[in-house]
Amino acid sequence: RYREIIRNFVYDVRIFPDFEGLVRLRYESAMQPETRRSYEAMMASGGPITVPPASLGSIEHNILVIHGRYDRIVPLQSSIYLLSHLPHAELVVLDRCGHWVQIERWDAMGPLVRRFFRGEN
C-alpha cells in the first residue's frame, strides 16, 4: 500500500534506480513515532488547509510557486488559488513532473530558484 502512495508522488518511477529502496526508506521514516505524531497533528483538521484571500493579499514579498503538471497529491488549482491571491506571485508549471518537483525536475527548478533569489525574475 505504501508503495502505491509513493508511486503517486512521482510522474515516472523510472527516474529512481532503486525505487524499492526509496519506498523502504520513506516507510521507515514515516513510521517513526515523532513523524507520525507530527503528521497526525497536521492533518487533525480533516480537510485541506485554506489560507484566506485577505491574508494572502497582505503578503508583499515576491513569491515563486512551482507546481508539477501531474501532481496527484496537491491539485494545480491550489497553486492557481495562491497565484490569484498573492499580489507578487509567479507560477511555473513543469511538465513531466509529479509532486516531487525538486527531485523529478531539478534541471528546471534549480535555475528558476537561483534566478528568483538573485532577483532576475
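This is a short tour of a predicted model, one selection at a time.

**Stop 1: helix α2**

Start by selecting residues 19-30, which make up helix α2. If you like a quick sanity check, put a distance between the end C-alpha atoms: they are 16 Å apart. At 1.5 Å a residue, the twelve residues of this helix should span 16 Å, so the two values agree.

Now colour the buried residues of α2, namely F19, G21, L22, V23 and A30. What covers them? Show α1 (2-7) and α3 (33-42), which are among the elements lying over those buried residues.

**Stop 2: aromatic rings**

Keep α2 on screen and display the aromatic side chains; the structure holds six aromatic pairs. Pick Y2 and Y27 to begin with: their ring centres are 5.3 Å apart and their planes meet at 70°, so this pair is edge-to-face. Y2 belongs to helix α1 and Y27 to helix α2, so the pair ties together parts that are 25 residues apart in sequence. Is Y27 buried, exposed or partly exposed? With 40% relative accessibility, Y27 falls in the partly exposed class.

Next, move to F16 and F19, whose rings form a tilted pair, 6.4 Å centre to centre and with 50° between the planes. Both partners are buried: F16 has a relative accessible area of 14%, and F19 comes in at 9%. You met F19 earlier among the buried residues of α2. Add F9 and W100 to the selection and you have a cluster, since ring pairs link F9, F16, F19 and W100.

**Stop 3: two parallel strands and a crossover**

Hide the rings and select strand β1 (residues 63-68) together with strand β2 (residues 89-94). The two strands run parallel and are joined by six bridges. To line them up by eye, find H67 in one strand and look across to V93 in β2, which stands opposite. Then trace the chain from β1 to β2: it passes through helix α5 (residues 76-85), and this β-α-β crossover is right-handed.

Within α5, click on S79. Which residues does S79 touch, leaving aside those up to four places away in sequence? The answer is V65, H67 and L91. V65 and H67 fall within the residue range of β1, and L91 within that of β2. S79 has 6% relative accessibility and counts as buried, because the limit for that class is under 20%.

**Stop 4: salt bridges**

Finish with the charged side chains. How many salt bridges does a search of the whole structure find? There are eight.

Three of them make good individual selections:

- D12 and R14: the closest N and O atoms are 2.9 Å apart. R14 is exposed, with a relative accessible area of 70%.
- R105 and D107: the side chains meet at 3.0 Å, N to O. Here the partners fall in opposite classes, as R105 is buried at 11% relative accessible area, whereas D107 is exposed at 55%.
- E120 and R118: this bridge is also listed at 3.0 Å, N to O. E120 is partly exposed at 45% relative accessibility, while R118 is exposed at 52%.

For a last view, select R69, D95 and R96 together: salt bridges with shared partners join these residues into one network.

Note on methods: Residues are numbered from 1 along each chain as its sequence is written. This is a predicted model: local features need pLDDT of at least 70, side-chain atom pairs count only at pLDDT 80 or more; totals for chains, interfaces and linings use all residues. Side-chain values use heavy atoms; hydrogens and water are left out. A salt bridge is a side-chain nitrogen of Lys or Arg within 4 Å of a carboxyl oxygen of Asp or Glu. Buried means under 20% relative accessible area, exposed over 50%, partly exposed in between (1.4 Å probe, protein chains only). Helices (H or I, at least four residues) and strands (E, at least two) are DSSP runs, numbered from the N terminus. The expected span of a helix is 1.5 Å times one less than its number of residues. Contact means heavy atoms within 4.5 Å. Two strands pair if DSSP finds at least two bridges between them. A crossover is right-handed if, with the strands pointing away from the viewer, the path from the first strand over the helix to the second runs clockwise. Rings of Phe, Tyr and Trp (its six-membered ring) pair if their centres lie within 6.5 Å; planes under 30 degrees apart count as stacked, over 60 as edge-to-face and the rest as tilted.
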